[in-house]
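Here are a couple of exercises on ligand sites, each with a worked solution. Grab your viewer and have a go before reading on.

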Amino acid sequence: MSNVLALIEVSPDGHVSTTAAMLLGAASRLGTPVAVVAAAPGSSAALGEALGALGAEQVYVAETAEVVTSLLAPQVAALALAFSALDPSAILVANSIDGRELAARVAARLKAGLLIDAVDVRSDGGAVVASHSVFGGAYNVDSAVEGGPVVVTVRQGAIEDRAEARSASVTTVPLDVDAAAFAVIDAIHPLPAASDRPDLRGATTVVSGGRGLQSKEKFVLVEQLADTLGAAVGASRAAVDAGFVPQTSQVGQTGVTVSPQLYIALGISGAIQHRAGMQTAKTIVAINKDADAPIFEIADFGIVGDVFTVVPQLIDAIGKRGSNS
Amino acid sequence: MKIVVLVKQVPDTWGERKLNIDTGWLDRTSSDAVIDEINERALEVALSYQDSNDAEVIALTVGPASAKDVLRKALAMGADSAIHIVDDQLAGADLILTARVIAAALTKADFDLVIAGNEATDGRGGVIPSLVAEYLGVRQATYLDSVTITSDSVSGERGTENGSMSVHATLPAIISVTEQSAEPRFPNFKGIMRAKKKPVVVWSLGDLGIDAASSADSGHSVVLSTRQRPARTAGTKIVDDGTAGVALADFLAAGHLI
Ligand SMILES: Cc1cc2nc3c(=O)[nH]c(=O)nc-3n(C[C@H](O)[C@H](O)[C@H](O)COP(=O)(O)OP(=O)(O)OC[C@H]3O[C@@H](n4cnc5c(N)ncnc54)[C@H](O)[C@@H]3O)c2cc1C
Ligand SMILES: Nc1ncnc2c1ncn2[C@@H]1O[C@H](COP(=O)(O)O)[C@@H](O)[C@H]1O
């Protein structure tokens with residue numbers, strides 16, 4: 001079986017990205033999964049162990065101190081080096097912000113074809129086929145690359161397959177980074193320590209709030225319901241613009257696309273651009289005081305009502321069920 | 001300073017957007033075509049620099065004949081001139097070819113700073129600025145929530161899933177901006193009238209020395225199949241009579257969702 005490279009993003013403080021398991025799972029479907037990492041010198045042993053546990057057969061660690069000073073250059077150089085060393089049949093990268101950008105630069109450098117935002121990948125007679133969900137899930141498109149190597153970015157949280165844990169062989173190489181054509185990182189501001197809530201991408205349940213929540217203080221209601229259900233928190237663009245939540249929570253056309261089992265929209269009108277990010281959810285619930293809100297056109301269960309009375313009652317009712325069962 | 005803003009014509013997100021089932025390409029007849037909102041923000045970043053500095057602002061698009069409308073809009077907002085790359089060979093161009101064409105056009109036009117949107121609303125690739133940067137061998141400072149331009153560098157806050165970082169690049173450079181970056185100005189009547197007299201240069205692939213067929217020497221993507229998903233329909237809708245929260249809990253329990 002040929003090698004399939006999975007570029008694993010590692011945070012400046014050494015944390016392996018949550019997309020690693022998905023990428024290695026996807027890579028193991030297509031060939032021999034090889035994790036490629038650009039990391040600070042001295043991190044290869046820990047990375048080898050962590051990524052082997054997620055299914056990598058080989059972990060290729062390109063070490064450079066520039067990971068904290070040069071934007072994307074180390075990851076691009078690491079992939080290009082691994083590509084020439086390991087002759088892979090495909091390169092998989094997360095469709096995160098860093099991921100898609102470094103994938104693009106690598107594709108241009110290697111004269112590879114680029115397939116973006118795949119929600120699924122498979123091997124068809126040796127060729128890599130990517131499936132895409134286009135225009136908010138209105139279309140499913142399959143694509144492939146002809147005439148060169150293939151680089152695929154995979155939507156975060158889209159593929160559930162996981163590879164079996166193993167003890168990976170670790171290859172460590174020093175990385176010479178030519179950072180001339182890249183920006184300089186002056187400072188890194190990590191998000192405050194992640195809450196216990198699941199990641200919005202890939203979450204089974206998402207509770208989102210819109211402008212109808214009225215204020216940052218009152219938006220807490222969305223978080224309370226989310227915590228009752230073990231759900232991730234999402235939002236409309238209007239809620240983001242109003243400062244109720246950070247932009248990373250935005251669901252929709254210019255935000256995150258989610259496809260959970262259950263999506264609950266609170267005080268969200270359901271503009272077409274919001275729907276583009278959530279209408280492939282299995283079950284949609286909406287609470288809105290306007291009976292004509294377009295969100296009801298796609299809701300499996302809609303309540304015309306005030307979120308500030310219905311949601312507390314819902315939380316209470318769920319609590320009672322929990323204690324009865 | 002010479003600033004080139006990359007603008008794209010896209011189907012209006014307010015309408016129903018369609019793909020041609022046979023080719024997988026955008027069905028341009030089915031919806032209104034508009035300038036992508038994110039590119040108005042990109043242009044605003046350039047124009048607000050120009051408001052208080054000496055700068056020339058050029059809008060550049062790669063697209064069919066109809067794409068001249070987005071250049072007119074950019075000129076009406078305040079761009080000084082525009083470049084339109086149009087060629088029948090570009091029908092169905094993939095990201096790689098589009099980026100090669102943009103890179104060649106930027107080389108021909110010359111620039112100090114290129115400003116793009118972070119992601120187009122139709123293809124949602126978010127990769128054109130990076131591809132172009134690699135082809136040109138210039139620095140990229142992309143996905144900026146805020147931008148500061150000086151005479152020899154550009155800096156800003158790059159937001160990612162894990163937080164943000166402050167980055168800078170000396171010019172020449174290519175940047176892309178997010179929705180958080182700027183609120184675009186509206187073209188006023190004077191701007192619309194003046195736009196009619198501003199120059200729009202039209203280039204073909206031949207003018208750029210690009211042969212679309214030669215893209216075969218690098219990988220290119222092909223669409224294998226396109227299927228339309230059935231539209232979603234409405235389910236139950238109730239009006240809260242004081243017990244809707246309980247009814248919803250029942251619904252969720254019945255579906256094993258709690
Ligand atoms: C290019 C482009 C991209 C966009 N991208 C996105 C995107 O990614 N995501 C996105 O969400 N939007 C996006 N939008 C914006 C979109 O068009 C809407 O403006 C936005 O989704 C509206 O958010 P909202 O539903 O919270 O606000 P509104 O439309 O103002 O709706 C608020 C709703 O709350 C209801 N409400 C008020 N009070 C209560 C109450 N007490 N109880 C119950 N209901 C109440 C109201 O009836 C109303 O329906 C985009 C727009 C454009 C042009
Ligand atoms: N055909 C095009 N013509 C001009 N600019 C483009 C074109 N396609 C993409 N861009 C620019 O690249 C940005 C990101 O696009 P994309 O990578 O396609 O999501 C857009 O917001 C534009 O600024």
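Residues from both chain A and chain B surround ligand 1, so this site is shared between chains. Before you start: the model is predicted, with local features needing pLDDT of at least 70, side-chain atom pairs counting only at pLDDT 80 or more, and totals for chains, interfaces and linings using all residues. Residues are numbered from 1 along each chain as its sequence is written, chains are lettered from A and ligands numbered from 1 in the order written, and side-chain values use heavy atoms, leaving out hydrogens and water.

**Exercise 1.** Work out what surrounds ligand 1 and find its polar contacts.

*Solution.* Step one: collect the shell (a heavy atom within 4 Å). That gives 28 residues, with Arg211(A), Ser236(A), Ser269(A), Gln273(A) and Asn288(A) closest.

Step two: sort by class, which yields 7 nonpolar, 15 polar (Gly counts here) and 6 charged.

Step three: look for polar contacts (N or O pairs within 3.5 Å). A ligand oxygen sits 2.5 Å from a side-chain N or O atom of Ser236(A), and a ligand nitrogen is 3.1 Å from a polar backbone atom of Lys289(A).

Step four: check burial (Shrake-Rupley, 1.4 Å probe). Ligand 1 exposes 990 Å² on its own, and the protein buries 86% of that.

**Exercise 2.** Do likewise for ligand 2: which residues come nearest?

*Solution.* Among its 20 surrounding residues, Leu6(B), Val62(B), Ala120(B), Gly126(B) and Ile128(B) come nearest. Next, the classes: 12 nonpolar, 6 polar and 2 charged. Ligand oxygens lie 2.7 Å from a backbone N or O atom of Leu6(B) and 2.8 Å from a polar backbone atom of Ile128(B). Finally, the protein covers 97% of the 480 Å² that ligand 2 has accessible alone.

Key:
A polar contact is a pair of N or O atoms within 3.5 Å; within protein, one must be able to donate a hydrogen and the other to accept it, and residues adjacent in sequence count only if both atoms are side-chain atoms.
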